[in-house]
Amino acid sequence: MDKRKRILTGDRPTGKMHLGHYVGSLKNRVRLQDEYECFFLVADLHMLTTRPQKEHIHALRENVREMLLDYLAVGIDPSRSTIYLQSAIHAVYEMNLFFEMLVTLPRVARLPSIKDMARAARLDEEAIPFGLVGYPILQAADILTPRAHLVPVGKDNLAHVEVTREIVRRFNSYYGEVFPIPDALIGEVPVLVGSDGQAKMSKSLDNAIFLSDDAQTVKKKVRGMFTDPNRIRADIPGRVEGNPVFVYHDAFNPDEAEVADLKSRYREGTVGDVEVKEKLSRALNDFLDPIRERRAQFEADSGYVEKVLYEGTQRVQVVADETLKEMKKAMGLTGVWNRISRKARDRMRRDERKESGS
């Protein structure tokens, strides 16, 4: 039996992943899978909280595949980690229902993240679905399906983990010690600025460089990147701090001496944006080349991505069923049904004997 602590984290399947995803989470996951027993969730049910329409559901199949190709390409290894599909784990639906009984509506309604997600989905307050308000409770079911000990999050998502901790404390208090109280595994999760200088790289803002972008696309996107808006000529000293081009150099260019030289000359006004961007394009493509190569290999291997997800989901179904069984046993629900079933079977046998005249 694996004695390592368990980690649960995942993503909503919105399709291909970008450099912001890599910096913010994927890089860390690749590292964590050697130290912990990792469960990586494809959170398709969470998509329905803001996108319940049929066209979005139909898009899930391709989006899940694209996301998994990126998972595998960056180094998430299905022989060391478990990748699974949330909606295929039937126990999650029951666990979510049970946990809803342990949280008050005001508790979840005052979470600022709910309104943030509603705004991102362009929903006014009157149009927020009940499922979105219950988003943190479904997350609790996700975290507690494998009885995870740790949840990697940024500081802005600590409140959701705290809801899960409150649910665990209340459940264990009512019914006995079934779940570990999960801790947030807080890292300084960096946020990569968008190519347009926006605070965050995002598909919806069309400012993302994708892990699967080809070399020419990367060059084109880098050429169009924002730099110092006050620098209108190459001989004018420029600002390095907060400059998107140098943010990317710091994150992806391993040649520290080259980056230091570019920064020095940029501040002095002795290097143009063209050279700085050309060297960034080269560094990004050097970084992405092996990822693109692995992605192409996985993509060409017909059925492999589906096999990874199927096998991972099968493993989690076993884990989830055991968790649900322990929950129901602790709550006394199993005893209720067992007693009813036993008495019903006894009565049915008596009826059968009467009918047969024995």
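This note comments on the salt bridges and surface patches of a predicted model.

1. Overall count. The model contains 26 salt bridges in total. Three individual pairs and one network are discussed in the points below, followed by two surface patches.

2. Asp-235 and Arg-233. These two side chains form a salt bridge in which the closest N and O atoms are 3.0 Å apart. Asp-235 is partly exposed, its relative accessible area being 48%. Arg-233 is likewise partly exposed, at 47%. Both values fall between the limits of 20% and 50%, which is why neither residue is classed as buried or as exposed.

3. Asp-250 and Lys-263. A salt bridge joins the side chains of Asp-250 and Lys-263, with an N to O distance of 2.9 Å. This pair connects distant parts of the chain: Asp-250 belongs to helix H11 (residues 244-252), whereas Lys-263 belongs to helix H12 (residues 256-268), and the two are 13 residues apart. Lys-263 has a relative accessible area of 18% and is therefore buried, since the cut-off for that class is under 20%.

4. Glu-275 and Lys-279. Here the N to O distance of the salt bridge is 3.0 Å. Both partners are located in helix H13 (residues 273-300), with a spacing of four residues, or about one turn of the helix. Glu-275 is partly exposed, with a relative accessible area of 27%. The contact thus lies within one helix, while the Asp-250 and Lys-263 pair bridges helices H11 and H12.

5. A salt-bridge network. Beyond the separate pairs, Glu-66, Asp-70, Arg-295 and Glu-299 are linked by salt bridges into a network. In general, side chains of opposite charge can pair when their charged atoms come close.

6. The nonpolar patch. Val-336, Trp-337 and Ile-340 make a nonpolar patch of about 330 Å² on the surface. Val-336 is part of helix H15, which spans residues 333-356. The relative accessible area of Val-336 is 47%, so this residue is partly exposed; it also passes the patch criterion, because that criterion asks for over 30%.

7. The positive patch. Arg-339, Arg-342, Lys-343, Arg-345, Arg-350, Arg-353 and Lys-354 form a positive patch on the surface. One of its members, Lys-343, is located in helix H15, the helix that also holds Val-336 of the nonpolar patch. Which residues of the positive patch are lysines? They are Lys-343 and Lys-354.

How values were computed: Residues numbered from 1 in each chain as written. Predicted model: local features only at pLDDT ≥ 70, side-chain atom pairs only at ≥ 80, totals over all residues. Heavy atoms only, no water. Patch = residues over 30% accessible without salt bridge, like charges linked within 9 Å, V, L, I, M, F, W, Y side chains within 5 Å. Areas by Shrake-Rupley, 256 points an atom, 1.4 Å probe, with all protein chains shown as cover. Salt bridge = Lys/Arg side-chain N within 4 Å of Asp/Glu carboxyl O. Buried < 20%, exposed > 50% of the residue type's maximum accessible area, 1.4 Å probe, protein only. Lys, Arg positive; Asp, Glu negative; His and termini not counted. Charge placed at Lys NZ, Arg CZ, Asp CG, Glu CD.
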